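Q: I would like to go through this model with you before setting up any calculations. Could you take my questions one at a time?

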Amino acid sequence: MDETDADDAADTLCAGVITIASDRDLEKDAAGETVNDLLEADGHEVTVREHVKSDHDTVQSIVSRLLDRDDVDIVITAGATGVEPGDITIEAVEPLLEKELAAFSELVTVLGYERVGTAVVGTRTLAGVADGTPVFCLPGHVDATRLALEEIVLAEASTLVERAGYEASDADEEPTDANGAEPADGGA
């Protein structure tokens with residue numbers, strides 16, 4: 001394997017993908033297919049793909065289980081993030097996060113507003129890090145899922161995985177951004 005192949009392998013992420021919806025199943029899961037297809041098109045692997053009904057404890061348990069796996073670098077959920085009574089993903093995942101990435105929701109809102117106007121007000125998203133693993137909770141609407149993945153998640157996922165897994169014992173290898181520059185905050 002030459003150096004380019006080694007670099008490509010290092011940038012390949014293994015994802016755990018969970019879609020949450022009570023009105024469809026894995027076979028009719030357009031949002032999950034979108035996540036799967038975009039990850040694979042970007043050179044990543046979907047290690048686990050599950051579909052569950054909108055149940056707080058089930059969603060929290062499955063996300064927690066994925067966080068414990070050694071073959072999952074990033075967790076992505078799609079669905080049950082709106083304002084309807086059964087939309088529980090944000091409430092189920094948020095307690096698992098050690099660090100929230102607040103800018104993610106803000107960026108999704110800005111990008112969504114450019115596309116759909118004020119209808120974006122009913123869209124909720126969440127991103128953060130749990131057990132050194134980035135977690136993204138996306139809407140179940142295919143266009144919103146695609147927007148968040150193409151414009152934000154895929155662009156930043158490898159860097160976030162690297163930074164989230166950075167430990168103080170790695171002091172001689174400080175994390176850098178996608179262009180190789182050190183973070184403006186010095187990695188703090």
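The conversation below turns to the overall layout, the cores, a central strand, the charged pairs and the cysteines.

Q: What kind of model is this, and how many helices and strands are there in the protein chain?
A: It is a predicted model. The protein chain contains 6 helices and 6 strands.

Q: Which pattern do they follow along the sequence?
A: Read along the sequence, the pattern is α-β-α-β-α-β-α-β-α-β-β-α.

Q: What share of the residues count as buried?
A: Of the 188 residues in the protein chain, 40% count as buried. The accessible surface comes to about 9,900 Å², and carbon and sulfur atoms account for 47% of that surface.

Q: And the contacts, what part of them join residues at least 24 apart?
A: Among contacts between residues at least 6 apart in sequence, the share that join residues at least 24 apart is 71%.

Q: On to the interior. How many residues has the largest nonpolar core?
A: The largest nonpolar core has 25 residues, and those with the most contacts inside it are Leu39, Ile74, Ile76, Phe104 and Phe136. Two or more residues each are given to this core by strand 1, helix 2, strand 3 (74–78), helix 5 (102–116), strand 6 (133–138) and helix 6 (142–164).

Q: Which element gives the largest share?
A: Helix 6 does, with 8 residues of this core.

Q: What does Leu39 contact, neighbours within four places in sequence aside?
A: Leu39 is in contact with Ala15, Val17, His44, Val46, Ile76 and Leu154. There is also a second, separate core of 21 residues, which includes Val52, Leu66, Ile90 and Leu126.

Q: Back to strand 3. How many of its residues are buried?
A: In strand 3, 5 of the 5 residues are buried, so the strand is largely enclosed by the rest of the structure.

Q: Which residues lie on which side of strand 3?
A: Ile74, Ile76 and Ala78 are on one side, while Val75 and Thr77 are on the other; all of them are buried, and both faces of strand 3 are thus covered. As a general point, side chains in a regular strand alternate between the two faces of the sheet.

Q: How many bridges join strand 3 to strand 1, and how many to strand 6?
A: Strand 1 and strand 3 run parallel and are joined by 5 bridges. Strand 3 and strand 6 also run parallel, with 4 bridges between them. As for individual positions, Val17 stands opposite Ile76 in strand 3, and Thr77 has Cys137 in strand 6 as its bridge partner.

Q: Changing topic to charges: how many salt bridges does the structure hold?
A: The structure holds 8 salt bridges. Asp23, Arg24, Asp29, Glu33 and Arg49 are linked in a network of them.

Q: Where does Asp29 sit, and is it buried or exposed?
A: Asp29 is in the loop between strand 1 (14–20) and helix 2 (30–41). Its relative accessibility is 1%, so it counts as buried.

Q: What is known of its pairing with Arg24?
A: The side chains of Asp29 and Arg24 meet in a salt bridge at 3.9 Å, N to O. Arg24 is partly exposed, with a relative accessible area of 23%.

Q: Which residues does Asp29 touch, beyond those up to four places away in sequence?
A: Asp29 touches Thr19, Arg24, Arg49 and His51. Asp29 and His51 are 22 residues apart in sequence, and their C-alpha atoms are 8.2 Å apart in space.

Q: What about the salt bridge between Arg65 and Glu50?
A: Their side chains meet at 2.8 Å, N to O. Arg65 lies in helix 3 (residues 56–67) and Glu50 in strand 2 (residues 45–52), so the pair ties together parts that are 15 residues apart in sequence. Arg65 counts as partly exposed, at 36% relative accessibility.

Q: How far apart are Arg69 and Asp71 in their salt bridge?
A: The distance is 2.7 Å, N to O, between the side chains of Arg69 and Asp71. Arg69 is partly exposed at 29% relative accessible area, and Asp71 is partly exposed at 31%.

Q: Last topic: how many disulfides does the structure hold?
A: The structure holds 0 disulfides. Cys14 counts as buried at 18% relative accessibility, and Cys137 is buried with a relative accessible area of 0%.

Definitions and conventions. Residues are numbered from 1 along each chain as its sequence is written. This is a predicted model: local features need pLDDT of at least 70, side-chain atom pairs count only at pLDDT 80 or more; totals for chains, interfaces and linings use all residues. Side-chain values use heavy atoms; hydrogens and water are left out. A salt bridge is a side-chain nitrogen of Lys or Arg within 4 Å of a carboxyl oxygen of Asp or Glu. Buried means under 20% relative accessible area, exposed over 50%, partly exposed in between (1.4 Å probe, protein chains only). Contact means heavy atoms within 4.5 Å. A nonpolar core is a set of buried Ala, Val, Leu, Ile, Met, Phe, Trp, Tyr and Cys residues joined through side-chain atoms within 4.5 Å. A disulfide is a pair of cysteine sulfur atoms within 2.5 Å. Two strands pair if DSSP finds at least two bridges between them. Accessible areas come from the Shrake-Rupley method with a 1.4 Å probe; for residues, only the protein chains shown count as cover.
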